Amino acid sequence: MSATPPARARATTLTRNQTAARAAYVLAGNDRGRLTVAAPQLYPHMWSWDAAFIAIGLARVSTGRALTELETLLGAQWRTGMVPHIVFTEGETGYEPGPQRWACGRVCPDAPQSPATSGLIQPPVHGVAVRRILDAARGASAAERHDAVERIRAMWPRLLAWHRYLADRRDPEGRGLLTIYHGWESGLDDSPRWDAPYAEVVPAPEFVPFRRADLHALGALGGAAAQRPSDAEYVKYQWLVEELRRARYDDATACRMLSFRMADVLTSALFVAANEELATVADELGLPGVDELIGYADRFRRGVLETADDHGFAADVDLRTGAVIRTPTIAGFAPLLSGGLDPARQQALVETLTSADWCGHPGFAHALPPSTSPSSPAFDPVRYWRGPQWPPVTWLLIWGLERSGEQETARALREAALDQLADGLFAEYYHPFTGEPLGARPQSWTAAVALDLLA
């Protein structure tokens, strides 16, 4: 698709204090007591990695409320240790696929009967959130810090079980890359990363697709169909849910039988970072598992780096065919999150990130990473993960750059991100050329990362 930029949109610009106040107001408005819905109209439930980012933002307001977010999520954990990608809120029945479609508690003995959940995962950034909450508690009262420490101790067995599930069941061969069964598990649902494997997904002739809730929910915003995955893509997404349900959500069966089985390099890199962050928490609080967590981090770092090319750009692997899938998407920067690149390749990867093929495109409203490079034929500036800029991914790259010692680049991205978020709309994602807010809004995780970046 052509990357010719249209005219830029005009938007109200808030001061940073106003942006912070409005972000806190959004999180309060989306709060349902013990969880924060991702976005009231389109996503009226709790999503796993959204919850982690929301907890990171809430830590700047209340460490206690931030911990409640994670406690609610982990309260829906499966007996295997899996943390589901959706925890359904009672009374919200319009979202599809809903609890009846997943039927997890009915077909799988490891799933909880209540609350109802999905049968997929999302990227494991929860360990990062725990570390941020503990850090934020240092500046709180002695009572608040004591409360935070005790609650982290209480949730520790669940956090370890989650990481053990990922290491054991999602990497049974020990390659150091996590297996995903659906593009939804990557968090980057319709990314060009998945075009080739999705091409091989063929729904059964008798399969009847269910109603799409996303287009209806976004209809009032205009242009909804252009911003979301196509109907043809959605049928495949729905079929993969059906395949997984027929496999009774059993990992051993899924690893053999599903039509979509990918080794996800970005999720693996996030797992490296989460293990390292949890290891520092364990060391500080005298909790078990330090060596285990460091071992996971080392194993998955090696897995990520083995996919990296001469410029440090990483790739996914199709586990059904063994093919290495190298696409110009944001996932290629995974080594900036996992760490471990040699200096020459790290410099090359940072130069790629800031080049005209990425953040440095001269037509961008804000010099921030798009989800797909504008130089790619698959680039689409308005369609979900095929081109728009996503503030939580920007946050991850800023954090990864800081961890990698690339402070100057991290500062530049931070300033650009805060300029983008000064519209006060906290959209799900943004048009890279016009700066136009796209998707659901206000989106809780966008408001959350704004709070953290402003802190």
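**Exercise 1. Work out how much of the protein chain is buried, and what its overall dimensions are.**

Step 1. Of the 455 residues of the protein chain, 61% are buried. Buried means under 20% relative accessible area, exposed over 50%, and partly exposed in between (1.4 Å probe, protein chains only).

Step 2. Know the source. This is a predicted model, where local features need pLDDT of at least 70, side-chain atom pairs count only at pLDDT 80 or more, and totals for chains, interfaces and linings use all residues. Residues are numbered from 1 along each chain as its sequence is written, and side-chain values use heavy atoms, with hydrogens and water left out.

Step 3. Take the dimensions. The C-alpha trace spans about 60 × 55 × 50 Å along its principal axes.

Step 4. Compare with a globule. The radius of gyration is 20 Å, which agrees with the value near 23 Å for a compact globule of 455 residues. The radius is taken over C-alpha atoms, and the globule rule is 2.2 Å times the number of residues to the power 0.38.

**Exercise 2. Find the disulfides, then place Cys255 and Cys359 by accessibility.**

Step 1. Set the rule. A disulfide is a pair of cysteine sulfur atoms within 2.5 Å.

Step 2. Count. The rule gives zero disulfides. For Cys255, the nearest cysteine sulfur belongs to Cys108, 14 Å away.

Step 3. Check accessibility. Cys255 is partly exposed because its relative accessibility is 25%. Cys359 has 4%, so Cys359 counts as buried.

**Exercise 3. Locate two cis peptide bonds and the elements around them.**

Step 1. Recall the background. Most peptide bonds are trans, and most residues other than glycine have a negative phi.

Step 2. Take Glu96 and Pro97. Their peptide bond is cis, with omega about 0 degrees. Pro97 sits in the loop between strand E2 (86-87) and helix H4 (99-102). Helices (H or I, at least four residues) and strands (E, at least two) are DSSP runs, numbered from the N terminus.

Step 3. Take Ser114 and Pro115. A cis bond joins them too, again with omega about 0 degrees. Pro115 lies in the loop between helix H5 (104-107) and helix H6 (126-137).

**Exercise 4. Describe the backbone and burial of Ala103 and Phe426.**

Step 1. Read phi. Ala103 has a positive phi, near 50 degrees. Phe426 also has a positive phi near 50 degrees.

Step 2. Place them. Ala103 is in the loop between H4 and H5. Phe426 is in the loop between helix H19 (407-421) and strand E7 (429-430).

Step 3. Judge burial. Ala103 is buried because its relative accessible area is 5%. Phe426 is at 0%, so Phe426 counts as buried.
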